[in-house]
Amino acid sequence: MKNFKIVEHPLISHYLSIIRNKNTKKEEFKIALEKLSVLLANYEYASLKTETTEVLTPLKKCKGNVIKTKVVLLPILRAGLGLLSGFLELYPQAIVSHMGLYRDEENLKPVKYYFKFPEIKDKRGLKVIVLDPMIATGGSVTFTLEYLLNMGIKDIDVVSVLCAPEGIKAIEKRFSNIEKEIINIITCSLDEKLNEKGYIVPGLGDAGDRLFGT
Ligand code: PRP
Ligand code: URA
């Protein structure tokens with residue numbers, strides 16, 4: 001996929017190893033995912049547009065910058081909530097929207113149970129950042145992207161932690177007709193494959209269950 005980026009950083013490898021470890025406890029898992037969210041947010045926000053402004057320091061006027069991009073963060077419930085804190089920490093002005101999906105255990109298709117998005121008439125300069133640590137079959141992200149594209153949104157970044165090649169291929173195929181600038185996928189790792197139950201291998205298991213202790 002053209003707009004697919006694996007973000008590399010020693011701290012990303014460090015925290016990734018913690019969340020992959022099956023012996024990592026719930027609270028350590030949450031903290032490590034939060035650290036990853038800060039690192040990913042730092043990378044992701046580098047694409048925000050700024051505009052110049054005038055700042056009055058205690059001494060004199062000088063040039064400054066303010067963020068021009070309208071940012072909507074869209075965590076896919078539940079596990080996407082684990083990536084929210086870093087994005088809000090670095091840019092608390094972002095609006096937070098929610099997409100509630102779970103995978104049907106039999107057919108692995110996403111089932112929607114909630115969606116809340118702000119009413120934004122002028123979508124110019126709007127960037128939606130979809131947060132979901134796991135892209136397995138790609139079904140949940142595909143569903144969300146279709147939803148957002150139908151709403152007329154033209155700048156969507158998907159930020160994840162682990163991806164399976166099957167999911168990335170499925171997303172690429174489904175949106176091959178969309179201008180390549182519109183969708184970007186950012187992740188920390190492209191893992192080996194999916195197993196017969198649709199889990200990412202080596203992966204980390206069920207992200208939502210590990211984050212919330214269910
Ligand atoms: C997990 C994960 C993704 C989805 C990925 O959610 O958080 O949203 O699976 O799988 P896919 O690429 O095959 O769609 P899950 O359905 O387990 O819900 P949860 O976060 O509420 O546990
Ligand atoms: N969802 C998860 O939480 N983990 C996987 O490996 C696949 C889907």
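## Ligand 2 and its backbone contacts

In this predicted model, an oxygen atom of ligand 2 is 2.8 Å from a polar backbone atom of A207. I200 offers a polar backbone atom too, with an oxygen atom of ligand 2 at 2.8 Å. For G205, the partner is a nitrogen atom of ligand 2, which lies 2.8 Å from a backbone N or O atom of that glycine. On its own, ligand 2 exposes 240 Å², and the protein buries 89% of that.

What else is around ligand 2? Besides I200, G205 and A207, the residues there are R103, M134, A136, G198, Y199 and D206. Sorted by class, that shell has five nonpolar, two polar and two charged residues. As for where ligand 2 sits, that's the largest pocket.

## Ligand 1 and its contacts

Over to ligand 1, which also sits in the largest pocket. Three elements give two or more residues to its shell: β6 (98-103), β9 (134-135) and α4 (139-150). Which of them supplies the largest share of the shell around ligand 1? That's β6, with three residues.

There are 16 residues around ligand 1, and the ones that come nearest are R78, R103, D132, T137 and S140. The class breakdown of the shell is seven nonpolar, five polar and four charged residues.

Two arginines reach ligand 1 with their side chains: an N or O atom of R103 is 2.7 Å from an oxygen atom of the ligand, and for R78 the corresponding distance is 2.8 Å. A79 joins in through its backbone, where a polar atom is 3.2 Å from an oxygen atom of ligand 1. The protein covers 91% of the 500 Å² of accessible area that ligand 1 has on its own.

R103 is worth a second look, as this arginine is listed around ligand 2 and is also among the residues that come nearest to ligand 1.

## A salt bridge across the sequence

Away from the ligands, a word on charge pairs. Side chains of opposite charge can pair when their charged atoms come close. The structure holds 10 salt bridges, and one of them links D191 with R20, their closest N and O atoms being 2.8 Å apart.

Why does this pair tie together parts that are 171 residues apart in sequence? Because D191 lies in the loop between β13 (189-190) and β14 (193-194), whereas R20 belongs to helix α1 (residues 10-20).

Technical notes:
Residues numbered from 1 in each chain as written. Chains lettered and ligands numbered in written order. Predicted model: local features only at pLDDT ≥ 70, side-chain atom pairs only at ≥ 80, totals over all residues. Heavy atoms only, no water. Near = heavy atom within 4 Å. Polar contact = N/O pair within 3.5 Å; in protein donor to acceptor, adjacent residues only side chain to side chain. Areas by Shrake-Rupley, 256 points an atom, 1.4 Å probe, with all protein chains shown as cover. 1 Å grid on protein atoms, 1.4 Å probe; cavity = no way out; pocket = protein on both sides within 12 Å on 5 of 7 lines; lining within 4 Å. Sits in = over half its atoms within 2 Å of the grid points. Helix = DSSP H or I, 4+ residues; strand = E, 2+ residues; numbered from the N terminus. Nonpolar A, V, L, I, M, F, W, Y, C, P; charged D, E, K, R; others polar. Salt bridge = Lys/Arg side-chain N within 4 Å of Asp/Glu carboxyl O.
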